Amino acid sequence: MRADRVFAYGATVGLLGDLLLGDPRRGHPVAVFGRAAGAVERVMWRDHRGWGALHTVVCAGGAAALGAMASHAVRRSPAASVALTGAATWAVIGGTSLAREARLIGRALQAGDVEAARQRLPHLCGRDPQVLDADGIARAVVESVAENTSDAVVGALVWGAVAGVPGLLGFRAVNTLDAMVGHKSPRHRRFGWASARLDDLAGWPGARLTAVLATLAGDDPRGAVRAWRRDARRHPSPNAGPVEASFAGALGVRLGGTLSYGGRVEHRPVLNTEGRAVVRDDIERAVRLSRRVGLLALGAGVAGRFLTRGRGR
């Protein structure tokens, strides 16, 4: 079976598996990778960029190599190749867990239980929940839904379309490493530099595709384009900027502003300044937009594989 069809069938199966099953409660492959990467870090850690780069190569390269070996082992069996692609897609896609966590927080806010929402927020993002009121929590959730739509869904599908199972596993490994060591803590400022930069590079195409699809699938395409073009570059992250700006415009809300991570306060530019403040009902709207973007990303990835093959003839 041709590689484009393997990806089309396998990625569809994997995305449906995520929609129907979500993530396993125990033994998730990404969690297993995280524990392995943590063990490697404990052996290799030095306050040095070079050692951090080697850690990135060993962990992310190892995940991609494992995918390549598995793909090679089943290459003669179309059914096994589709099953492997489906399993890898399901393992790296996190759309259903993202939606579930966002909705749990949304329901707590709907019930007026702000404290329960605060307790649940760390499952979704790294904000300091105790300094947030109900609307601040809602804004944090919408921003996290936007950014993770790119990181946990679209970016993985993009690299799966480009490089099959090695692309799926490699991208998720890079994204996970960035979450583990890519932040600017004293321990990881140097060691995590390579993981953070590689994540910026790997996430670039998925972030732009997410912004395009959010524009197409949102309630206000013109507003999304306007916010993306005007505000994306003002965000400190080269990839979160286009994604959050386009989501803000598509939903007609303001994102960005003051936020707190681990006791450190950041004052970020406001995205889509003419939008209204985020309220709790916008969480469900953001989740639905994320779902539409994920399905469109699957279609774009499949179409891209078929078109690329056609041009190669």
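Gly155 counts as buried, with a relative accessibility of 1%. That is a good place to begin a tour of this predicted model.

**Around Gly155**

Gly155 is part of helix 7. Leaving aside residues up to four places away in sequence, Gly155 touches Ser150, Phe171 and Gly206. Leu209 is also worth finding: 54 residues separate Leu209 from Gly155 in sequence, while their C-alpha atoms are 8.4 Å apart in space.

**A contrast at Leu21**

Now turn to Leu21, which sits in helix 1 (residues 3–21). Is Leu21 buried or exposed? Leu21 has a relative accessible area of 65%, and exposed means over 50%, so Leu21 is exposed. Measuring from C-alpha to C-alpha, Leu21 lies 27 Å from Ile137 in space, and the two are 116 residues apart in sequence.

**Two helix pairs**

Here are two pairs of helices to look for in the structure.

| Helix pair | Axes come within | Crossing angle |
|---|---|---|
| Helix 2 (residues 29–44) and helix 7 (residues 134–181) | 10 Å | roughly 55° |
| Helix 8 (residues 193–217) and helix 10 (residues 240–251) | 8 Å | roughly 5° |

Let us take helix 2 and helix 7 to start. With a crossing angle of roughly 55°, the two are therefore oblique to each other. Their crossing is right-handed. On the helix 2 side, the contact is made by Val30, Phe33, Gly34, Ala37, Gly38 and Glu41, and on the helix 7 side by Arg172, Ala173, Thr176, Leu177, Met180 and Val181. Sorted by class, this contact has seven nonpolar, three polar and two charged residues.

What about helix 8 and helix 10? Their axes cross at roughly 5°, which makes helix 8 roughly parallel to helix 10. Helix 8 brings Ala207, Arg208, Thr210, Ala211, Ala214 and Thr215 to the meeting, and helix 10 brings Pro242, Val243, Ser246, Phe247 and Ala250. Here the residues divide into seven nonpolar, three polar and one charged.

**A pair of strands**

Further along the chain, how many residues of strand 1 (residues 255–261) are buried? Five of the seven are, so this strand is mostly covered. Strand 1 pairs with strand 2 (residues 264–271) in the antiparallel sense, over six bridges. To see the pairing up close, look for Tyr261, which stands opposite Arg264 in strand 2.

Notes. Residues numbered from 1 in each chain as written. Predicted model: local features only at pLDDT ≥ 70, side-chain atom pairs only at ≥ 80, totals over all residues. Heavy atoms only, no water. Axes fitted to C-alpha atoms, helices over the stretch in contact; angles between N-to-C directions. Helix = DSSP H or I, 4+ residues; strand = E, 2+ residues; numbered from the N terminus. Parallel < 35°, antiparallel > 145°, perpendicular 65-115°, else oblique. Left-handed = near helix turned anticlockwise from the far one by under 90°. Contact = heavy atoms within 4.5 Å. Nonpolar A, V, L, I, M, F, W, Y, C, P; charged D, E, K, R; others polar. Buried < 20%, exposed > 50% of the residue type's maximum accessible area, 1.4 Å probe, protein only. Pairing = 2+ DSSP bridges.
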